Amino acid sequence: PIYVFGVRANDALAELAQDAKAEEMMRRYHSRPGVEEVNIFGDFKSQGIRGGNDDTFLRGGRRFTFKVRTSGHGDRLTIAAGLPFTNDGAVVLEGARIYHGAEYFLPAIDAGVEGNIETCWSVAAMRKDFPENAECSTKSLSDKNDDRIPGENSVTMHRGIHDFEKDDEVKDLLFIDTCKSLAIEGCEGDSKSNNKVKNNDCFARYFYDAGYDDERLLCENRGIGSNCNLRDDDNFRDFIGRSPIWDGEDDRLIYLAKQSNNFDDFCKKIDEANKIFKDAFTTLEAHIFDWRNDIAHVRISCFPDDWHGDDWHGDDWHGDD
């Protein structure tokens, strides 16, 4: 299947949801047993008269018509589309029965591979794609699609665009606690020690103060009933370097720790990461989608006598709408 609720998204769904691209989806299903035909539709300009589209994506309220050639054998239809104005949203029709007059109404799903911060620079839509009256249409950062903010790590129903009241709310979500803000005794940023005395367990102390409480990560000894002896910095870095669990793929702090040569280097990388977000807090308008309703409608019409060979496009389409 393309997705399973509660399970981590596959690479094909991740690419579709984050980047509004379907190449990986094509590779995933092309020539797979039981799949008769696979195709990508990414140019909506050709139906300008019927659908009123002049874009590379389908705007709200518009329709796109295409034909599926089944050779009389296909009886199921799957459609997957990315939502370019979200961080990792998609809409999927999965294995639906094909029959004349069939109609399906689809909700949005969240691939769970990227944090839902909905900033101008973190969605697949580019600056030119935003309406002229949208604030994102004036920001050069809108031409970026930075997808490094970790997501929920599993597929869920999409909860919509968050309505952040103030920039501080976004900063609270994105900013990493600096070493100075935690002021860990004997480590970088501790004003009392004036950086003259260094503890050798700064990584473990930092992660504990940042809210990590897994003894497997923090403690060198994990015997039942024993006190926790914090890992020293070399032991901590060696542990996360070898651990298949703490791989940093969905955890920015672990990722930065793995990339660091020592604790001071780790602190500098945190400052650099925070700096990236400092002046980039323009978010998408919360009303850009109405998430209370299904957001896509698929209608199937079957007219075998009107199909024309291998055509996948044209104004005489008679297929799936």
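# Why we call it that: a predicted model, term by term

Of the 321 residues in the protein chain, 40% are buried. The model is predicted, and its chain has 10 helices and six strands.

Q: What makes asparagine 274 "buried"?
A: Its relative accessible area is 7%. The cut-off for buried is under 20%, so asparagine 274 counts as buried. This residue is found in helix H10. Leaving aside its neighbours within four places in sequence, asparagine 274 is in contact with Phe175, Ile176 and Thr178.

Q: How do you know that the side chain of asparagine 274 makes a polar contact with the backbone nitrogen of isoleucine 176?
A: The side chain of asparagine 274 reaches that nitrogen at 2.9 Å. A polar contact needs a pair of N or O atoms within 3.5 Å, and 2.9 Å fits that limit.

Q: Why is asparagine 262 called "partly exposed"?
A: Its relative accessibility is 37%. Buried would need under 20% and exposed over 50%, so at 37% asparagine 262 lands in between. You'll find it in the loop between H9 and helix H10 (263-277).

Q: What is asparagine 262 in contact with, leaving aside its neighbours within four places in sequence?
A: Phe203 and Arg237. There's a long jump along the chain to look at here too: asparagine 262 and cysteine 202 are 60 residues apart, yet their C-alpha atoms are separated by 9.6 Å. Also, a polar atom of the asparagine 262 side chain lies 3.2 Å from the backbone nitrogen of aspartate 264.

Q: Why is serine 31 called "exposed"?
A: With a relative accessible area of 61%, serine 31 is over the 50% cut-off, so it counts as exposed. Its place is in the loop between H2 and H3. Serine 31 also has a positive phi, near 65°, and it's a residue other than glycine.

Q: What makes asparagine 153 "partly exposed"?
A: The value for asparagine 153 is 33%. In between under 20% and over 50% is the partly exposed range, so that's the label asparagine 153 gets. It sits in the loop between S4 and strand S5 (156-157). Here too phi is positive, about 75°, although asparagine 153 is not a glycine.

Q: Which label fits phenylalanine 64, buried or exposed?
A: Buried, with a relative accessible area of 9%, which is under 20%. Its place is in the loop between helix H3 (48-51) and S1. The C-alpha atoms of phenylalanine 64 and phenylalanine 41 are separated by 9.5 Å, with their positions 23 residues apart along the chain.

Q: What makes helix H1 "largely enclosed by the rest of the structure"?
A: H1 covers residues 11-19, and seven of these nine residues are buried, so the description fits. The buried ones are Ala12, Leu13, Ala14, Glu15, Leu16, Ala17 and Gln18. What covers them includes helix H2 (23-29) and the strands S1 (76-83), S2 (89-97) and S4 (109-110).

Q: What do we find at the start of H1, and what follows the helix?
A: At the start, a side-chain oxygen of asparagine 10 reaches to within 3.1 Å of the backbone nitrogen of alanine 12. After H1 comes alanine 20, whose phi is positive, near 55°.

Q: Why are H8 and H9 called "roughly perpendicular"?
A: Helix H8 (residues 233-242) and helix H9 (residues 252-259) pack at an angle of about 110°. The roughly perpendicular range is 65 to 115 degrees, so H8 and H9 earn the name. Their axes are 9 Å apart, and H8 passes H9 in a left-handed crossing.

Q: Which residues meet where H8 packs on H9?
A: Arg237, Ile240 and Gly241 in H8 meet Ile254, Ala257 and Lys258 in H9. By class, that contact has three nonpolar, one polar and two charged residues.

Q: How do you know that H6 and H8 are roughly perpendicular?
A: Helix H6 (residues 202-209) and H8 pack at about 70°, with their axes 7 Å apart. That angle is also inside 65 to 115 degrees, so H6 and H8 are roughly perpendicular to each other. Cys202, Phe203, Ala204 and Phe207 in H6 meet Asp233, Phe236 and Arg237 in H8. This contact has five nonpolar, no polar and two charged residues.

Terms used. Residues are numbered from 1 along each chain as its sequence is written. This is a predicted model: local features need pLDDT of at least 70, side-chain atom pairs count only at pLDDT 80 or more; totals for chains, interfaces and linings use all residues. Side-chain values use heavy atoms; hydrogens and water are left out. Axes are lines fitted to C-alpha atoms, for helices over the stretch in contact, and angles run from 0 to 180 degrees between N-to-C directions. Helices (H or I, at least four residues) and strands (E, at least two) are DSSP runs, numbered from the N terminus. Angles under 35 degrees count as roughly parallel, over 145 as roughly antiparallel, 65 to 115 as roughly perpendicular and the rest as oblique. A crossing is left-handed if the near helix is turned anticlockwise from the far one by less than a right angle, and right-handed if clockwise. Contact means heavy atoms within 4.5 Å. Ala, Val, Leu, Ile, Met, Phe, Trp, Tyr, Cys and Pro count as nonpolar, Asp, Glu, Lys and Arg as charged, and the others, Gly among them, as polar. Buried means under 20% relative accessible area, exposed over 50%, partly exposed in between (1.4 Å probe, protein chains only). A polar contact is a pair of N or O atoms within 3.5 Å; within protein, one must be able to donate a hydrogen and the other to accept it, and residues adjacent in sequence count only if both atoms are side-chain atoms.
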